[in-house]
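Here are a few exercises to work through with the model open on your screen. Try each task before you read the solution.

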Amino acid sequence: MTGFRTFTVSPKIPENLTFLQTLANNAWWCWNIRASALFHRIGPTLFRDCEYNPIRLLATVGQKRLEELSEDTAFLEHMNEVKDEYEKSVLTSRNWKKFGDTNYRCIAYFSMEFGLHESIHIYSGGLGILAGDHLKSSSDLDIPLVGIGLFYREGYFEQVINATGWQVEGYPENDVHSLPVSRCLDSNGQPLLLQVPLANNEKLHFTAWRLNVGRIPLILLDTNIPENRPELRNVTGQLYGGDKLNRLRQEILLGMGGMRALDALGYQVAVSHMNEGHAAFLGVERIAKCMQKGLSYDEAHEFVRNTSVFTTHTPVPAGNETFDLGLLWPQLKAIENEGGLAAETIKRMGRALGDNSSNELSMTILGLNCSLYDNGVARLHGVVERNMWHHLWPTFPTEEVPIGHVTNGIHVPTWISTDQYRLYSEVLGPNWEKRPLTESQTERIRLLPDEEFWRVHEASRAHLVRSAREILERGARRRNASFEEIQDCRNVLNKDALTIGFARRFATYKRATLLLADPERLKRILLNPSRPVQIIFAGKAHPADNEGKQLIKRIIEFTKDPAVKGRIVFLENYNMHIARRLVRGVDVWLNTPRRPNEASGTSGMKACINGAIHVSTLDGWWPEGYSRECGWAIGNGEEFADWNQQDWNDSQALYNILESEIIPTFYDRPHGELPLRWIRMMKESAKMSIARFSSTRMVADYYSGSYTPAFNNFAELSADNFGALRTKVAARNDLFSKWNKIAVEDTSVSRDLSHNVVGDSFDVTAKVKLGDIPPGSVRVQLYIGTPAAQGEIVDGKTIDMAIAKEGRNGSYAYKANVPCPDTGTFSFSVRVVPAVDSWKNTMPGYIVWAPDSK
């Protein structure tokens, strides 16, 4: 039939309930317990059916129900309390009070994905959820930050497990009308329309949407507009979707387009933060914009580098993104032809110095080259990164490679259960979750009564079991399973059994099937009638990762074994909703990465704040969190060249811990129903994670260690029309032009070093040739540490040497006293570095060593 026109009728929100629409259009509601409860109160079942999307809820709820609520005194009182808190937490700000001012300076945080809530499908996993937690804590801490990402119309895939146990992907389209976004407008009040250059004289046109995350605006770029041909409209179709060319276009859009959008919207970016190499093209764009203001390339590069932060999450060389120059070169020429940086310059910035043979550009090297403040995401990961990128600073001791670490954290209000939050509030005070806490403050968690602590956790475990049954039943019904199978789904799991959770991306290095290494031994563990154990798995494999899909299939097949049926389950379509249920309800959070392949990992942190016990290999964040009082370590941090041997050793260690420690501790209840030692460990776990692994601590670390100095650099270097910058770069270039003339010609010591005892000391004198370089432009240092393999020095420290005598033709004698406070074997050498630390760290690094030393 033809001639029909379709229209939609939405409920009319009563005047006194209009705040509900305001609340639904700011993601702040999803981490505020009272705000979330307000939407549940409208209709708990309907809210669940709307996938906990408050915009869909308000569009679906009946008019009669809204009229009832408008006259419900208790509901209105609840709403007004939330409104008051919203105004204090979102609308009141010390740092965003000038929001909208075209001269307002801010931090721009670029990420390929943001995980804010399961109803906002623009994330895939850990990287995006970390970025979402970063924005939420920035809002809580009132930091002037704006997020930049892409508006994926299909987001990341929905996972379905078919009857054979194989993962199948579906891509439902995001309905813009059901998302808390609004169009970004230009100065004329029209939808923002911008472009970036592409190869073959094409333009990629894009618009932008704004999503409010508390105080923080998140700007999402969108290419699905009529100005683009179909292939280009699909650039923002799927997260990590399409071929390599589409990925390149996405990253150009994110980096270059993101900067252009911020500029058009009136933001003055003082500091840029690249969350992974995906955003590295923003450095190219910022440098080009500075050059358009009259700066030279060296000046622009120095300015951008001093005001940029780069975070890498990749612990293995193969995981760092590269683009083949055959694909990339036409794009670089398009940037050059538009008036941007020269293609050769960009190519040089994305490769190691002297690399003239490789046929690719590294986005990680490009990001490192454009930033002064570089970090990995855990202490161990920082070590891994310094080793991985040592070749970029070849004259540096590995310990001094300028890549530090800021250990990841999680947004406590998002991940903690309501009951657990209220329990902690009894001893930590109001609003404890909005600020970093010290370990002495979290010590008060010990004061909580054991009975109450255990009761709250048992309720969360029971809730998890109910949720798991519902998820399994929905999946069975969708597959048209038999009545018997559907009935089985309603009876899986035991609300009183020791419950182990494993949920994450199914990458092979995460070893999801490590527990299945000895199936018969695992069955004995699961089926002990007096000490039952159950395991809940969840997670997705990348659509192109068949090895990861095989891991899922193997687990599914094991769950169908009649002997263990109901004791081990796999929950399909893992998302933030399922994650919250898991981390709040499990007793043990299991993590089994093959060391040192886990950059950080944050799922265990989420479980620990809820009192779960973390059991993991000593990888990622766990070496910083682990103690025998709060969890268990699988192995002792060994790393094997033979992965099969490593996997076998770790599996046996895991079985041993389960059988001899974890299970006995959980079921040891000498005084009735309470596992007293287990509860002590739960409290220690919660204390540890809240104090050391919250995203408020993480963002505060970024603010003090990177954002604030970068802000200060922006103010200093841009002052007086960049006068200070020009002076600084001229001095640096002059020093670098003469750098090769520096030499440490001779070193001597004041006594025989064949016998030394604690408390002794000796003098070291070095003859240093500086030529016409002023001594104040450099520092001469004695570098001392412990000798290690391959001539490396570890635990190194420096002692500044002073001029003892001035010679002829720019030669100087430098002297320092070396104390002997500790026993051991030590090595030392003399070196010359620039007086300005940031100059020393400029690739490829500027250090002159005494001959035959490093």
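**Exercise 1. List the residues that line the largest cavity, then sort them by element and class.**

Step 1: the lining consists of His301, Arg305, Leu368, Asn369, Ser371, Leu372, Asp374, Trp393, Pro402, Asn841, Thr842 and Met843. A cavity here is a set of points, on a 1 Å grid over the protein atoms alone, where a 1.4 Å probe fits but cannot get out, and a lining residue has an atom within 4 Å of a point.

Step 2: two elements, α11 (297–306) and α14 (363–369), give two or more residues each to this lining. Helices are DSSP runs of H or I with at least four residues, strands are runs of E with at least two, and both are numbered from the N terminus.

Step 3: sorted by class, the lining has five nonpolar, five polar and two charged residues. Nonpolar covers Ala, Val, Leu, Ile, Met, Phe, Trp, Tyr, Cys and Pro; charged covers Asp, Glu, Lys and Arg; the others, Gly among them, are polar.

Step 4: the space in this largest cavity comes to about 80 Å³. A volume is the space filled by probe spheres set on the points, with grid points joined across faces, edges and corners.

Before going on, keep in mind that this is a predicted model, so to speak of local features takes pLDDT of at least 70 and side-chain atom pairs count only at pLDDT 80 or more, while totals for chains, interfaces and linings use all residues. Residues are numbered from 1 along each chain as its sequence is written, and side-chain values use heavy atoms, with hydrogens and water left out.

**Exercise 2. Find how many cavities of 30 Å³ or more there are, and describe the second largest.**

Step 1: searching the whole structure turns up six of them.

Step 2: the second largest has a volume of about 50 Å³, and around it sit Ala24, Ala27, Trp29, Asn53, Pro54, Ser119, Ile120 and Pro180.

Step 3: that lining counts six nonpolar and two polar residues, with no charged ones.

**Exercise 3. Work out how α9 and α12 are oriented, and what they touch each other with.**

Step 1: start with the geometry. Two packed helices are described by the angle between their axes and the distance between the axes.

Step 2: the axes of α9 (residues 244–264) and α12 (residues 325–337) come within 11 Å and cross at roughly 30°. Axes are lines fitted to C-alpha atoms, for helices over the stretch in contact, and angles run from 0 to 180 degrees between N-to-C directions.

Step 3: α9 and α12 are therefore roughly parallel. The cut-offs are under 35 degrees for roughly parallel, over 145 for roughly antiparallel, 65 to 115 for roughly perpendicular, and oblique for the rest.

Step 4: on the α9 side, Lys244, Leu245, Leu248, Ile252 and Met256 make the contact, and on the α12 side Leu327, Leu328, Gln331 and Ile335 do. Contact means heavy atoms within 4.5 Å. By class, that is seven nonpolar, one polar and one charged.

**Exercise 4. Do the same for α2 and α6.**

Step 1: the axes of α2 (residues 33–42) and α6 (residues 73–91) come within 9 Å and cross at roughly 150°. That makes the two helices roughly antiparallel.

Step 2: Arg34, Ala35, Ala37, Leu38, Arg41 and Ile42 of α2 meet Ala74, Phe75, His78, Met79, Glu81 and Val82 of α6. This contact splits into eight nonpolar, one polar and three charged residues.

**Exercise 5. Locate the cis peptide bonds at Pro596 and Pro844, and the positive phi at Tyr52.**

Step 1: Arg595 and Pro596 are joined by a cis bond with omega about 5°, and Pro596 lies in the loop between β18 (588–591) and α24 (603–609).

Step 2: the bond from Met843 to Pro844 is also cis, with omega near 5°. Pro844 is in the loop between α29 (837–840) and β28 (848–849).

Step 3: Tyr52, a residue other than glycine, has a positive phi near 55°. Look for Tyr52 in the loop between α3 (44–49) and α4 (54–60).

How values were computed
On a 1 Å grid over the protein atoms alone, a cavity is a set of points where a 1.4 Å probe fits but cannot get out, and a pocket is an open set with protein on both sides within 12 Å along at least five of seven lines; lining residues have an atom within 4 Å of a point.
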